[in-house]
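These are my notebook entries on a protein chain with a ligand, written down in the order in which I looked things up.

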Amino acid sequence: TPRVFSGIKPSGGLTLGNYLGAIKRFVDWQDAGTHETIYCVVDLHAITVWQDPKELHAATREVAAGFIASGIDPTKSILFNQSQVSAHAELGWIFSCVARVGWMNRMTQFKDKAGANAEKVSLGLYAYPALMAADILIYHATHVPVGEDQKQHVELTRDIAQKFNHDYKVDFFPETEPVIEGPATRVMNLRDGTKKMSKSGESDMERINMTDTADTIAKKFKKARTDPEPLPETLDGLKGRPEARNLVDIYAGLSGLTDEQVIAEYAGAGWGRFKPALADLAVEKLAPISTEMARLMNDPAEIDRILGHGAEQARALAEPILKEAYEIVGLVR
Ligand code: AQP
């Protein structure tokens, strides 16, 4: 069976962006049953920027709880945390030797995250796409559901696989493709519609956390930045209105409607009508998940057990592929 792989960094609590752009789709892939689905809490990626050890522990369990509460079933998907399967880091090293510095220099996420501080960020942050390629290719996964922001990294994964196959004259690593479909593949910051919603953004008001209470969700949407115009009559009317587009897109992602259908339903509506409707919808969808997350997080031993079991399953798939990669490269075992 073909495989799907994707992951989320425990670099903080989950946001609505992670849910709509990633987790919701992970569940769809699992339930479709066409692929073996492998989902990972990518803790080694999280430490590319400083993480307090205690918080990293908690966030790892929170992300795992978020997966399960959203519908990832550990009996149907393999769910584990990256650091428990050392083959990721081992293949990641080989890929660091395959990837070129020039390729990394073109990664826009690195440029965004490093900003003017590129000399001071960790070497890991720079090399991170090579480890991400290993996360995917250590399972020979072909499909990678991600948000729009990760497209470039999945494309780089394909370049790394091609160069490895070419350099060693093998046909070993498959072509991977990013799967970026439907609405809300790039959920924007509620305070600035030109920036994406992030776990680690400065202000809590700019994001919806999956663990936010109903009141907090309502307050954040109420205070979300918008322009003064009402919603347009057609989708075209959202051009040049990033904040308005974002709220419509979030509504579409949560409701399962298309952006067009949302506009058709709310044509001409003012924010006083649309924002409370959006908040109600978000609460309706997120409240059962956050309740379940809270229940799961009360039993960390159970989460650890699930991750440990998933790691065992993942190792069984990864180790033969790693062994073969080592042989191809010429490393004596
Ligand atoms: N705003 C978003 N809209 C849609 N999808 C998003 N994703 C993240 N933010 C949005 C998707 O969630 C998955 C996991 O992302 P990640 O945790 O590995 O890293 P990230 O993209 O860097 O996420 P954050 O929330 O912005 O974390 P920080 O602030 O720590 O860097 C990916 O599929 C991503 O596309």
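How many salt bridges does the rule find across the interface of domain 1 and domain 2? I looked this up at the start, and the rule finds 0 salt bridges across that interface. I note here that the model is a predicted one, and I read every entry below with that in mind.

**Entry on the domains.** The domain assignment I used splits the protein chain into domain 1, made of 3-179 + 299-329, and domain 2, which covers 204-295. I then took the C-alpha centres of the two domains and found domain 1 and domain 2 to lie 29 Å apart by that reckoning.

**Entry on the interface.** Looking at the contacts, I noted that 13 residues of domain 1 are in contact with 14 residues of domain 2. For the area, I recorded that domain 1 and domain 2 bury about 1,100 Å² between them, and that 75% of this is on carbon and sulfur atoms. Leu16, Tyr19 and Ala69 supply 44% of the area that domain 1 buries against domain 2, which is more than any other three residues give.

Turning to polar pairs, I counted 3 residue pairs in polar contact between domain 1 and domain 2, with both residues at pLDDT 80 or more. On the side of domain 1 that touches domain 2, the elements giving two or more residues are helix 1 (16-32) and helix 3 (53-70). Sorted by class, that side of domain 1 holds 7 nonpolar, 3 polar and 3 charged residues.

**Entry on the ligand.** Which residues are the closest to the ligand? I found 22 residues surrounding the ligand, and the closest are Ser11, Lys113, Asp149, Lys199 and Ser200. I also wrote down three atom pairs. A polar side-chain atom of Lys9 lies 3.0 Å from an oxygen atom of the ligand. With Val187 the partner is instead a backbone N or O atom, which lies 2.8 Å from a nitrogen atom of the ligand, and a polar backbone atom of Met197 is 2.9 Å from a nitrogen atom of the ligand.

**Entry on salt bridges.** I went back to the rule used at the start, and by it the count comes to 16 salt bridges. One that I looked up is the salt bridge of Asp204 with Lys220, in which the closest N and O atoms are 3.0 Å apart. Asp204 lies in the loop between strand 5 (177-179) and helix 9 (214-223), whereas Lys220 is in helix 9, so this pair ties together parts that are 16 residues apart in sequence.

Conventions
Residues numbered from 1 in each chain as written. Predicted model: local features only at pLDDT ≥ 70, side-chain atom pairs only at ≥ 80, totals over all residues. Heavy atoms only, no water. Domains from an automatic or database assignment. Contact = heavy atoms within 4.5 Å. Buried area = accessible area lost by both parts, 1.4 Å probe. Salt bridge = Lys/Arg side-chain N within 4 Å of Asp/Glu carboxyl O. Polar contact = N/O pair within 3.5 Å; in protein donor to acceptor, adjacent residues only side chain to side chain. Helix = DSSP H or I, 4+ residues; strand = E, 2+ residues; numbered from the N terminus. Nonpolar A, V, L, I, M, F, W, Y, C, P; charged D, E, K, R; others polar. Near = heavy atom within 4 Å.
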